[in-house]
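Some notes on this model follow, for your review. Please read them beside the coordinates.

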Amino acid sequence: QLFILPDFRQIMTNTVVIAVCKIVIGMVAAVAFAVLLNECRNVRLKRMVQTAVYLPHFLSWVILAVMFSNLLSYTGVINSLLGLFGIEPQMFLVNNKWFRTIVILGDVWKEFGYNAVVYVAAMTAIDPGLYEAAQIDGANRWKRLIYITLPALANTIITVFILNLAKVMNLFESVFVTMNDAVVNVSNVLQTYVYRKTFGSGNSDYGYTTAVGLF
């Protein structure tokens, strides 16, 4: 009976879009950052940057929601910067067009530094002699990345991808603290839907919400 509900398709679409984009973009960002960080030869700068991007993982989504509200409000920093280029201010957090993008990029920013640590550790195990031999043979940085670094990271990337799949549907916290009634059509995911149906109305249907949660 779930599939005949008028709002179920939209809720399922929201869940799949946010979950898939989060895991794909997050993995690409983590691998790209790890590769760039590995190219840095200044050890002190490398540690500082790695620590800076690693710290957001430990921040609560409640804190991040307040940060995003201040940055993306009508009079916030982002709209102030847009005004310098003659662009009209945008209502980001109450705009259906922008909400999913904000949630996805916010989650990626929060987690990609944490995931990049695994890739940086994997790259330290690559034999430096491979890079030296490739450089002698005339391979530039791009070719060394394509033919040495990425193949060496392949098993790690697959392992991290499988581990991330276990939590790909954990969308409640990031969506719940940033959503509002103006963007409910594009923000309501399975977890927030279950919460609203269970605790947000006077007539709770526990059997129905249990079925949705199980699905």
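1. What does helix α7 (residues 141-165) span between its end C-alpha atoms? The span is only 32 Å, whereas a straight helix of 25 residues would cover 36 Å at 1.5 Å a residue; the expected span is 1.5 Å times one less than the number of residues. Helices here are DSSP runs of H or I, at least four residues, numbered from the N terminus.

2. This is a predicted model, in which local features need pLDDT of at least 70, side-chain atom pairs count only at pLDDT 80 or more, and totals for chains, interfaces and linings use all residues. Residues are numbered from 1 along each chain as its sequence is written, and side-chain values use heavy atoms, with hydrogens and water left out.

3. At Ala154, α7 bends by about 45°, the angle between axes fitted to the seven residues ending there and the seven starting there.

4. Buried residues of α7 include Leu145, Ile148, Leu153 and Val160 (buried: under 20% relative accessible area, 1.4 Å probe, protein chains only). The buried residues of this helix pack against α1 (8-39), α5 (96-123) and α6 (128-136).

5. The largest nonpolar core has 36 residues, with Ile18, Tyr119 and Val175 having the most contacts inside it. Such a core is a set of buried Ala, Val, Leu, Ile, Met, Phe, Trp, Tyr and Cys residues joined through side-chain atoms within 4.5 Å. A second, separate core of 7 residues includes Leu64 and Phe68.

6. The protein has 11 helices and 0 strands. Its C-alpha trace spans about 70 × 45 × 25 Å along the principal axes.

Conventions. Helices (H or I, at least four residues) and strands (E, at least two) are DSSP runs, numbered from the N terminus. Buried means under 20% relative accessible area, exposed over 50%, partly exposed in between (1.4 Å probe, protein chains only). Contact means heavy atoms within 4.5 Å.
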